[in-house]
Structure formats: structure tokens, C-alpha cells
Amino acid sequence: MADTSDTRTPAQIEADIRRRRDTLAETLDEIGVRVHPKTIVGDAKAKVAANVDHTLGRAYVQVNRVVSEVRAQFVDEEGAPRLERVVPLALVVVGVVGLLAFGTRRRKG
């Protein structure tokens, strides 16, 4: 059987009750702050901003990687353009632009 006798003095019991009340009051204050609409909205905004920053960071890395890969296709190790790849691409671009310009002129006329 458990010993139920309490050897504390009434002053000690009152001090324990006071301490527990203070702890409960602090806990209730923290809960009040956490469930306050402004706190919830602020936390949600912070999470969204963190996710956007993370997504933008990943996108930046991916774009940077693609640009580096494309650049490696058209520039050699010394930084000089690879004419055997640049010239055909330039001809294709000029051809496409010419076809688009010719096609829009024909429709207008």
C-alpha cells in the first residue's frame, strides 16, 4: 500500500500550489499566443516564404546547370566559340525568323 502521509508544512503546500499556478498561467499564455490568429497567419506566411525560397533556390540551381551544359556545347575549354556548332545554329535561327517574318507579311498583304 502506498504511503499517503504528507510531511510538508502548509506553507510548503501553498508555495507548491503557487508555483503550479504560475506554471499553468505561463502555459496558458503560450497557448494563447500560439492559437492567436495573427500568430497562425504569421507562421503560415513564414512557411510559405521558406517553401518559395527553397523552390526558387532549386530552380536557380537547375537553370544554372542547364545554362552551363548548353554553354559547354557552344564554347570550348578556353572560352572560344565552337564555330562548327554556332554557325549551323545561327543559320537555323535566321531561317526560322525569316519564315516567321515572311509568314506574317503574307497574311497582312
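**Confidence.** I started with pLDDT, since this is a predicted model. The chain averages 89, and 92% of the residues score at least 70. I then went through the elements one by one: α1 has the highest mean pLDDT, 95, and helix α3, residues 83–108, has the lowest, 86.

**Fold.** I looked up the secondary structure next and got 3 helices and 0 strands. Reading from the N terminus, the order is simply α-α-α. My notes on extents: α1 covers residues 10–34, α2 covers 37–74, and α3 covers 83–108.

**Overall shape.** How does the radius of gyration of the chain stand against that of a compact globule of 109 residues? I have 36 Å for the chain, whereas the globule would be near 13 Å. The C-alpha trace spans about 100 × 45 × 30 Å along its principal axes.

**Burial.** I wanted to know what share of the 109 residues is buried. The figure is 1%. As for the surface, the chain exposes about 10,100 Å², and 62% of that comes from carbon and sulfur atoms.

**Salt bridges, the count.** Side chains of opposite charge can pair when their charged atoms come close. I went looking for such pairs and ended up with 4 salt bridges. I wrote down the following ones.

**Asp16 and Arg19.** This pair forms a salt bridge with its closest N and O atoms 2.1 Å apart. Why might the two sit within reach of each other? They are 3 residues apart in helix α1, so about one helical turn separates them. I also checked the cover on aspartate 16: its relative accessible area is 22%, so it goes down as partly exposed.

**Glu30 and Arg34.** Further along α1 I found glutamate 30 and arginine 34 meeting in a salt bridge at 4.0 Å, N to O. The spacing here is 4 residues, so again I have about one helical turn between the partners. Is each partner buried or exposed? Glutamate 30 is partly exposed at 43% relative accessibility, while arginine 34 is exposed at 58%.

**Glu77 and Arg82.** I noted one more salt bridge, between the side chains of arginine 82 and glutamate 77, at 3.9 Å from N to O. Glutamate 77 is exposed, with 71% relative accessibility.

**Network.** Which residues are joined into one network by salt bridges that share partners? I get Arg8, Asp16 and Arg19.

**Nonpolar patch.** I turned to the surface and found a nonpolar patch of about 380 Å². Its members are Leu28, Ile31, Val35 and Ile40. I picked isoleucine 31 for a closer look: it lies in helix α1 and is partly exposed, with a relative accessible area of 42%. Patch residues need over 30%, so isoleucine 31 clears that cut-off.

**Gly79.** Last stop was glycine 79, and I asked where it is placed. It is in the loop between α2 and α3. At 41% relative accessibility I have glycine 79 down as partly exposed. I also took a C-alpha distance from glycine 79 to tyrosine 60: the two are 19 residues apart along the chain and separated by 23 Å.

Terms used. Residues numbered from 1 in each chain as written. Predicted model: local features only at pLDDT ≥ 70, side-chain atom pairs only at ≥ 80, totals over all residues. Heavy atoms only, no water. Buried < 20%, exposed > 50% of the residue type's maximum accessible area, 1.4 Å probe, protein only. Patch = residues over 30% accessible without salt bridge, like charges linked within 9 Å, V, L, I, M, F, W, Y side chains within 5 Å. Areas by Shrake-Rupley, 256 points an atom, 1.4 Å probe, with all protein chains shown as cover. pLDDT = per-residue confidence, 0-100. Rg over C-alpha atoms; globule rule 2.2 N^0.38 Å.
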